[in-house]
Amino acid sequence: MSKKENIMIKRLKEIFNTEDLTDKHTSFYQFGGWKQSKRKQEFVIRAKQIAESRGIPIYLRDRDDIGVPLGQRFYEPLYISSTETLCEREDLQLVNNAAIQQMGDDIKRTVIIGLDLAHKILKERLGKEVTPETINHYMEVVNHTMPGGVVAQEHMAEVNPELTKDSYAKIVTGNQELKDSLDSRFILDIDQLFPEEKAEEINDEIGSRIFQVTRVPTIAIRIADGGIVHRWASQQTVLAFIAAYSIGGGAPLSDFAFAGKHAQVIVLGNTTWPRRARAPNEFGGIPFGYISDICQADRVSDPLTYVLESVALGGVLYDLIWWGGYMGGGVGPVNGTASLYTNEVLDELSRYMDEWIHHNYGGYNSVKPSLEVVKKIAQESVCRVLEEYDNYPVLLEEHWGGGIRLNVISTLASITTGLATGNSLASLMAGHYVYAHLVKEAMGRNAWGGGEAVDLVSIPDIVSTFPDGALIPELRGPNIFSTMVAHSAFPVGGITASHAAKGHPWVLSPVVKVAFSDPNLVFDFRYVRREIAKGAKREFNFTGDRNALRPGGE
Amino acid sequence: MLKYPGNDKIAKRRSYMLNPDAKFKKLREIPDEDLILLLGHREPGSGYRAIHPPLDDLMVQDDPILKLVDPTPGAQHGDAIEFVQFTDSVYHSPLVPVFRSRLYSVRYKGVDHVTYSGRQLMEARARDLEKYTKELLETELFDPARSALRGITVHGSSMRLDENGLMFDARRRYLLKDGEIWYLKNQMAIPLDKPISLGPPTPENILIENSIIYKKETIRYRDAKELLDHVGKIFERSLYGGFNPEVKHE
């Protein structure tokens with residue numbers, strides 16, 4: 001293996017403020033308790049002001065008689081991997097990080113509507129002409145209606161555009177001629193946004209079909225839930241058609257409503273199963289393959305970086321926001337997901353395994369998937385990390401919980417298997433194998449209580465294609481009963497890796513891939529970790545706020 | 001007797017731990033009163049909380065379970081269910097969560113347990129729990145520096161050790177004084193009226209000699225070939241069984 005600088009080691013030295021990472025002894029109880037955290041100090045000062053102003057106590061960190069005395073050990077900061085951003089755990093907490101919230105918002109508020117059926121109704125049923133000019137006109141109208149403008153009915157209240165300025169609609173098509181004749185403001189230009197070779201394949205796959213990528217305003221999903229998205233988008237789309245093409249009558253409108261709300265609507269997330277019941281477009285219903293497509297790092301980086309960015313996206317979206325935030329309840333599992341994208345740990349381990357693949361198999365997508373290969377890669381991933389824990393006790397301290405360790409190791413095994421075999425099913429097998437068995441028998445300890453249960457169930461289900469057993473990996477998600485409660489990073493990583501290994505321009509849907517290449521999105525999905533880092537530094541400009549409604553707001 | 005896969009010393013030690021008839025070496029004496037104080041569920045000398053009358057006093061209708069299983073003393077008396085929780089250091093605590101769970105399952109009657117990564121929770125009828133905890137504390141299954149009683153704020157299992165080789169405890173339930181570990185607080189971190197000694201820490205070489213953890217100082221996991229083969233087989237058979245349970249796979 002090469003002797004390149006080990007950035008993980010560098011980061012560990014920096015954050016633990018020590019040159020010796022091999023000593024398994026240290027000192028405790030001398031760091032000033034919670035006061036070693038600048039953020040907690042800020043919170044305490046602010047809490048006192050709030051308590052005084054509202055007359056009810058809030059956040060009593062400075063009280064000794066409430067809960068655990070925090071800060072008895074060194075409260076090490078975190079580097080966001082691939083950046084120079086150093087932050088505290090508080091900065092990666094869901095409520096404290098605007099970029100993380102916007103990452104979820106930008107996905108949740110997206111719905112894609114196929115326009116071909118609507119155009120067919122216009123032409124064949126209503127005898128209207130559909131030309132590039134009429135489409136341009138329609139796009140102007142829909143960019144008026146989508147943020148809350150009224151078209152058909154008089155005496156209606158409208159929405160202050162300052163509150164919905166992140167709402168708009170754009171068009172995706174693979175038809176070059178049509179694209180050239182449409183107003184460029186409304187086009188997601190595949191040729192401009194993707195490398196030439198990938199653009200060609202995406203254009204070919206989408207062909208002459210026309211899709212409208214629709215963003216409802218962030219504030220809409222902050223008022224309601226994901227279920228509002230396709231309804232809002234459809235309503236405003238239908239109204240835009242009515243106005244742009246001067247349509248009246250009941251039956252045609254019903255046809256449009258059907259087309260816009262159901263027939264050609266791509267919601268990103270399906271309704272979740274009853275015990276976790278949530279509306280469409282909530283994260284629990286989004287298949288893993290879409291996350292790989294939503295991540296745009298493949299447009300600007302090498303395959304391994306793309307995989308790592310997708311792991312950060314999947315981990316934060318599914319485990320921090322979805323499971324930790326509003327399924328599990330509580331304030332969210334920051335540490336487990338942060339371990340996937342901080343201190344260069346997964347990056348460095350992945351680089352090692354990347355070299356291991358090249359050494360053992362010759363490169364990506366170069367070994368036929370088999371159980372022997374899955375076992376060999378999973379085993380090497382586990383042994384490598386356990387040996388790093390042995391060599392660097394601070395790394396084990398950094399991974400202080402089994403859930404953290406299993407998250408990292410299973411993801412490492414999954415992405416390595418995906419890269420080596422180009423097979424997403426094999427990548428999932430490796431992740432489950434690590435989670436269910438391999439670490440447990442080495443350390444005599446595993447994840448959190450019962451944490452591996454889903455993996456034990458998933459192994460026998462893994463090759464099933466019964467809808468309530470499993471699906472092809474790309475279509476699975478946390479919505480599948482037997483898989484993935486808070487174990488969602490490794491399947492996303494493995495699936496992304498399997499396709500990245502083969503150089504595929506998309507994973508599950510070329511349209512979703514293009515939809516998130518949009519430069520007008522608030523969150524830049526090319527650089528997931530960089531965006532989270534901006535949020536940690538409080539430098540991320542988010543949308544969906546209500547500042548315009550405050551006294552003095554505009 | 002169960003044989004854990006492999007012939008290395010870790011595997012042998014694991015087999016020994018999982019033998020329900022094993023007679024574990026007694027290393028320390030914990031008076032009953034101290035045990036009760038450490039658990040913190042009742043005052044020494046007080047009776048057990050009951051959740052139902054003794055089984056002999058209950059007008060139990062024909063109960064097939066009673067014919068199959070003798071009730072434990074705690075169940076017989078109608079004791080409330082109480083808990084004990086141990087945290088085990090990655091640095092060669094004599095027993096670790098997954099093996100606690102397996103050991104409890106083959107050795108103790110009437111228990112329920114949850115296995116976490118650093119800690120293991122056991123629930124049982126109060127007098128049964130005290131009996132089991134006594135064995136867990138007094139024998140080679142416990143080292144006062146690397147295992148700990150922790151009902152709350154359990155973290156520390158993966159931390160580096162302090163200058164004295166003790167596992168970190170944010171609640172500082174214990175300290176090393178005059179060569180012995182003294183508990184100043186019970187498992188719920190409530191201060192005790194008197195310090196309770198659990199004896200001296202086990203020397204490092206003995207901990208490593210008796211370790212059940214695959215690690216650099218013991219045996220590298222990648223060298224545990226028989227174990228890895230065995231685990232691989234479990235994985236394979238689960239997978240094939242789910243894919244097609246009708247087909248026999250070797």
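Two strands pair if DSSP finds at least two bridges between them. Keep that in mind for the first exercise, and remember throughout that this is a predicted model.

**Exercise 1. A covered strand in chain A**

Task: Work out which strands β3(A) is bridged to, and in which direction they run.

Solution:
- Start with β3(A) itself, residues 110–114 of chain A. Of its 5 residues, 4 are buried, so call this strand mostly covered.
- Now look at β5(A), residues 210–215. It is joined to β3(A) by 5 bridges, and the two run antiparallel. To find your place in this pair, pick V111(A): opposite it in β5(A) stands T214(A).
- Next comes β6(A), residues 265–267. Here 3 bridges link it to β3(A), again with antiparallel strands. For a landmark, take I113(A), whose bridge partner in β6(A) is V265(A).
- Check against the cut-off: pairing takes at least two bridges. With 5 bridges to β5(A) and 3 to β6(A), β3(A) pairs with both.

**Exercise 2. The open sheet in chain B**

Task: Give the strand order of the 4-stranded open sheet in chain B, and say which strands stand at its edges.

Solution:
- Read off the order: β2-β3-β1-β4 of chain B, with antiparallel pairing.
- The edge positions go to β2(B) and β4(B), the latter being residues 147–149. Each has a single partner strand, so one side of each is left without a neighbour in the sheet.
- How are neighbours turned against each other? On average by 20 degrees, with direction ignored.
- Zoom in on β2(B) and β3(B), where β3(B) covers residues 119–125. They are antiparallel and share 4 bridges. In this pair, H113(B) has M122(B) of β3(B) as its bridge partner.

**Exercise 3. Two helix crossings in chain A**

Task: Classify the packing of α4(A) against α11(A), then that of α13(A) against α15(A).

Solution, first pair:
- The axes of α4(A) (residues 116–125) and α11(A) (residues 250–263) come within 9 Å and cross at roughly 160 degrees.
- Angles over 145 degrees count as roughly antiparallel, and α4(A) and α11(A) are therefore roughly antiparallel to each other. The crossing is right-handed.
- Who touches whom? On the α4(A) side you'll find L117(A), A118(A), I121(A) and R125(A); they meet P252(A), D255(A), F256(A), A259(A), G260(A) and A263(A) of α11(A).
- Sorted by class, this contact has 7 nonpolar, 1 polar and 2 charged residues.

Solution, second pair:
- For α13(A) (residues 303–327) and α15(A) (residues 345–361), the axes come within 11 Å, with a crossing angle of roughly 140 degrees.
- That angle makes α13(A) oblique to α15(A). Handedness is right-handed here.
- From α13(A), the contact uses L304(A), L308(A) and V311(A); from α15(A), it uses L346(A), D347(A), S350(A) and D354(A).
- The class tally is 4 nonpolar, 1 polar and 2 charged residues.

**Exercise 4. Positive phi without glycine**

Task: For N17(A) and A189(B), decide whether each is buried or exposed.

Solution:
- N17(A) isn't a glycine, yet its phi is positive, about 55 degrees. You'll find N17(A) in the loop between α1(A) (7–16) and α2(A) (38–54).
- Count neighbours: N17(A) has 9 C-beta neighbours inside 10 Å, so it counts as exposed.
- A189(B) is another non-glycine with positive phi, near 65 degrees. It sits in the loop between β6(B) (180–185) and β7(B) (191–197).
- With 20 other C-beta atoms within 10 Å, A189(B) is buried.

**Exercise 5. Chain B and the side that touches chain A**

Task: Sketch chain B as a whole, then describe the side of chain B that touches chain A.

Solution:
- Chain B has 8 helices and 7 strands. Its C-alpha trace spans about 60 × 60 × 30 Å along the principal axes.
- Of the 250 residues in chain B, 42% are buried. Take the contacts in chain B between residues at least 6 apart in sequence: 63% of these join residues at least 24 apart.
- At the interface, 40 residues of chain B are in contact with 42 residues of chain A.
- Elements of chain B that each supply at least two residues to this side are α5 (97–107), β2 (112–115) and α8 (225–243). The largest share, 12 residues, comes from α8(B).
- By class, this side of chain B has 23 nonpolar, 10 polar and 7 charged residues.

Terms used:
Residues are numbered from 1 along each chain as its sequence is written. Chains are lettered from A and ligands numbered from 1 in the order in which they are written. This is a predicted model: local features need pLDDT of at least 70, side-chain atom pairs count only at pLDDT 80 or more; totals for chains, interfaces and linings use all residues. Axes are lines fitted to C-alpha atoms, for helices over the stretch in contact, and angles run from 0 to 180 degrees between N-to-C directions. Angles under 35 degrees count as roughly parallel, over 145 as roughly antiparallel, 65 to 115 as roughly perpendicular and the rest as oblique. A crossing is left-handed if the near helix is turned anticlockwise from the far one by less than a right angle, and right-handed if clockwise. Two residues are in contact if their C-beta atoms, placed from the backbone, lie within 7 Å. Ala, Val, Leu, Ile, Met, Phe, Trp, Tyr, Cys and Pro count as nonpolar, Asp, Glu, Lys and Arg as charged, and the others, Gly among them, as polar. A residue is buried if 20 or more other C-beta atoms lie within 10 Å of its own, exposed if 12 or fewer, and partly exposed in between; C-beta atoms are placed from the backbone.
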